[in-house]
Protein chains: 2
Amino acid sequence: MQTLTVNLGVRSYPIYIGQGVFSRQDFLKQHIQGRQAMIVSNDKVAPLYLEQLQGLLEGYDVSTVVLPDGEIHKTLASISVIYDALLTNRHNRSTTIIALGGGVVGDMAGFAAASYQRGVNFIQIPTTLLSQVDSSVGGKTGVNHPKGKNMIGAFHQPQVVLIDLDSLSTLPDRELSAGIAEIIKYGLLYDADFYDWLTSSMPALLARDSTALESAIYRSCEIKAEIVAQDERESGIRAWLNLGHTFGHAIETHQGYGKWLHGEAVAVGMLMAADLSWRQGWIKKSEVRSLRNLLLMANLPIVAPEGMLEDDFMQLMSIDKKVIDGELRLVLLKKIGEAVVSTQFSNDHLMKTLRAGDQLGQR
Amino acid sequence: MQTLTVNLGVRSYPIYIGQGVFSRQDFLKQHIQGRQAMIVSNDKVAPLYLEQLQGLLEGYDVSTVVLPDGEIHKTLASISVIYDALLTNRHNRSTTIIALGGGVVGDMAGFAAASYQRGVNFIQIPTTLLSQVDSSVGGKTGVNHPKGKNMIGAFHQPQVVLIDLDSLSTLPDRELSAGIAEIIKYGLLYDADFYDWLTSSMPALLARDSTALESAIYRSCEIKAEIVAQDERESGIRAWLNLGHTFGHAIETHQGYGKWLHGEAVAVGMLMAADLSWRQGWIKKSEVRSLRNLLLMANLPIVAPEGMLEDDFMQLMSIDKKVIDGELRLVLLKKIGEAVVSTQFSNDHLMKTLRAGDQLGQR
């Protein structure tokens, strides 16, 4: 069992990482302030872990909302279902909302917590690899709008994040790979040694070796916590964490939410960012190729969806949260292990990257 | 022209109070960061001031949303209309949302600003007396839920508040009185001298004497700014500002939003709080009677709606944001000019207050 702290002054909180974390009542109870709790989960995760979690909360006044699974349900309508349940069960300002599930559940439960009675306490119990290394840490919450991903939301930090490695045993392979995409991202943008370690440890990660997974999750959360502590509200370095996301969000929006997993879209997006960085002369062609190979090894896609053209990308990227006064800003790579937020790229290079198709990282 | 500052560290902002405030471009422009702005108004205020405001924003990329007027429209559905307009017009994270209207418009525009792309800039131009002295200052934003008022929202401070006294010239008498209710509240809970001044100045206020109104607005905003600076997120003294509101919200919810004006419900609520404070032995009967007379002078109601029984109050008050672990907390008066948040009142006294009907403050 390992503990990390996200240092945010009065909003600091611990992340517990290990096996059997959420069968231990003490981890949970010490972070619940009042007598009320609301568990938010989905219909895929609830059958697996809900009863266990309810058992830990004996003595509390607990309500439960089980939402349908999937990014397509990450909407204001689902948030309304949570509000209704909170009010019907008379939850007051001292209640704690507990997210049990993947990133979609965490983002929605978090936004409900941020906005119910102008903010109540919140606990993250992420059950997918992707949410364990990414969305559960850092306080970004929100929902999608038909016109753009995560366009509605709030910064709202949890009281604690409980990461139980055991929950990965039930995770489908495709979602394991999607989580690995975000782990690769941390190496790429912040830590070249970690990136090298991932390359050599990929077989162990895919085989769900618990030591390898624990190390990968720990270092990912540590990097994220370090960056978030420096820049909670994303006015600077936190934007690095969006490496691959501007391209990736465009893919997700174009395909309709839920068809591509978030991590899959980010995988292609990272390769595009690397390709553009190479065209800018910042990284080597061999480095783009090695990223391509690592993504392939992790069973991740490396080509944008068929039929998605550069105009589709340009149209969808223009509404990105990193656009400021009409100027597109992208997170690119200065080198492996160091990202940069830049408007200083050639439009011609960008078009070439968007048109590269299955040649991304190959030429 | 007078200027006040709400001191909240990096989130500090000025309040400009005077005549002709919002015909002066400089006040507005210096607080707009990017090139985009979105005006949110309603169909009652827009015909009066929208064109004037748009004129001040020449050179900016301005979108406008005009919502139907009234508390009944303070819903998530209206917020969705604002989100749709923001996305359709490609507003990015550097946009500024400008609220032009009363408290309902300000609360909704503010919540949209708090949650669009996890928070964008926001300017308040309150055009009703009530919103000028209350909701435009302090950063509370949100919408109603069928089960409770302001149950969904966020703390989100504006960049600036522009209070133009000229906008009061078009305000209906009933809304003027509703605003005076909140002004009386500040005297009651924080400043006995101001309370006395209000008693003697009530005829001038009702006659819309601009010197009297400016003084009343200035002192009200000053008190609110002082309290908010001490306790932005309402963990302590800020709760004082809810004097009369627990009773008042119950009235509004019981009647259906919009039937009673907020200030009217607060007027009765303050008298109930005073009545209960007297029953507790904290203030004199003569003080309750003088409040009753002051409210009557201001053309405000002093009796709960016909047919609203103590059970209705108890039921509706149990979901109040000040309820913690099932215990009802009320803002009461230790004396004129000093409030107290208390659970230490006799239930029997509370029932007597709720049953008093038109005898409130009379016996």
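User: What makes the radius of gyration of chain A agree with that of a compact globule?

Analyst: In this predicted model, chain A has a radius of gyration of 20 Å. A compact globule with 363 residues would be expected near 21 Å, so the value for chain A agrees with that rule. Along its principal axes, the C-alpha trace of chain A spans about 60 × 40 × 35 Å. The secondary structure of chain A comprises 13 helices and 11 strands.

User: Why is chain A described by domain 1 and domain 2, and where do these lie?

Analyst: The bounds come from an automatic or database domain assignment. For chain A, that assignment gives 2-170 as domain 1 and 173-359 as domain 2. The centres of domain 1 of chain A and domain 2 of chain A, taken over C-alpha atoms, are separated by 26 Å.

User: How do you know which residues of domain 1 of chain A and domain 2 of chain A belong to the contact?

Analyst: The criterion is that C-beta atoms, placed from the backbone, lie within 7 Å. On that basis 30 residues from domain 1 of chain A and 30 residues from domain 2 of chain A take part. On the side of domain 1 of chain A that touches domain 2 of chain A, at least two residues each come from β1 (2-6), β2 (13-18), α5 (129-135) and β8 (148-155) of chain A. The element that gives the most to this side is α5(A), with 5 residues. Sorted by class, this side of domain 1 of chain A has 14 nonpolar, 11 polar and 5 charged residues.

User: How do you know that the two copies are related as by a two-fold rotation axis?

Analyst: A turn of 180° with a shift of 0.0 Å along the axis lays chain B on chain A, at an RMSD of 0.0 Å. The two copies are therefore related as by a two-fold rotation axis. The contact residues follow this pattern: 100% of those of chain B recur in chain A, and the same surface serves both copies.

User: What makes up the side of chain B that touches chain A?

Analyst: The contact joins 32 residues of chain B to 32 residues of chain A. Two or more residues are given to the chain B side by each of α3 (76-88), α4 (103-115), β7 (140-145) and β8 (148-155) of chain B. With 6 residues, β8(B) gives the most to this side. By class, the side of chain B that touches chain A holds 12 nonpolar, 12 polar and 8 charged residues.

User: Why is the crossing of α6(A) and α10(A) called left-handed or right-handed?

Analyst: A crossing is left-handed if the near helix is turned anticlockwise from the far one by less than a right angle. Helix α6 (residues 173-190) of chain A and helix α10 (residues 262-279) of chain A pack at about 40°, with axes 7 Å apart. The crossing of α6(A) and α10(A) is left-handed. Among the residues that make this contact are A:Ala178, A:Glu182 and A:Leu188 of α6(A), together with A:Val266, A:Ala267 and A:Met270 of α10(A). The contact of α6(A) with α10(A) divides into 6 nonpolar, 4 polar and 3 charged residues.

User: What makes the contact of α6(B) with α10(B), and how do their axes cross?

Analyst: The axes of helix α6 (residues 173-190) of chain B and helix α10 (residues 262-279) of chain B come within 7 Å and cross at roughly 40°. This crossing of α6(B) and α10(B) is left-handed. The contact includes B:Ser177, B:Ala181 and B:Lys185 of α6(B), and B:His262, B:Gly263 and B:Glu264 of α10(B). By class, the contact of α6(B) with α10(B) has 6 nonpolar, 4 polar and 3 charged residues.

Notes: Residues are numbered from 1 along each chain as its sequence is written. Chains are lettered from A and ligands numbered from 1 in the order in which they are written. This is a predicted model: local features need pLDDT of at least 70, side-chain atom pairs count only at pLDDT 80 or more; totals for chains, interfaces and linings use all residues. Two residues are in contact if their C-beta atoms, placed from the backbone, lie within 7 Å. Helices (H or I, at least four residues) and strands (E, at least two) are DSSP runs, numbered from the N terminus. Ala, Val, Leu, Ile, Met, Phe, Trp, Tyr, Cys and Pro count as nonpolar, Asp, Glu, Lys and Arg as charged, and the others, Gly among them, as polar. Copies are superposed by least squares on the C-alpha atoms of residues with pLDDT of at least 70 in both. Axes are lines fitted to C-alpha atoms, for helices over the stretch in contact, and angles run from 0 to 180 degrees between N-to-C directions. The radius of gyration is taken over C-alpha atoms; the globule rule is 2.2 Å times the number of residues to the power 0.38.
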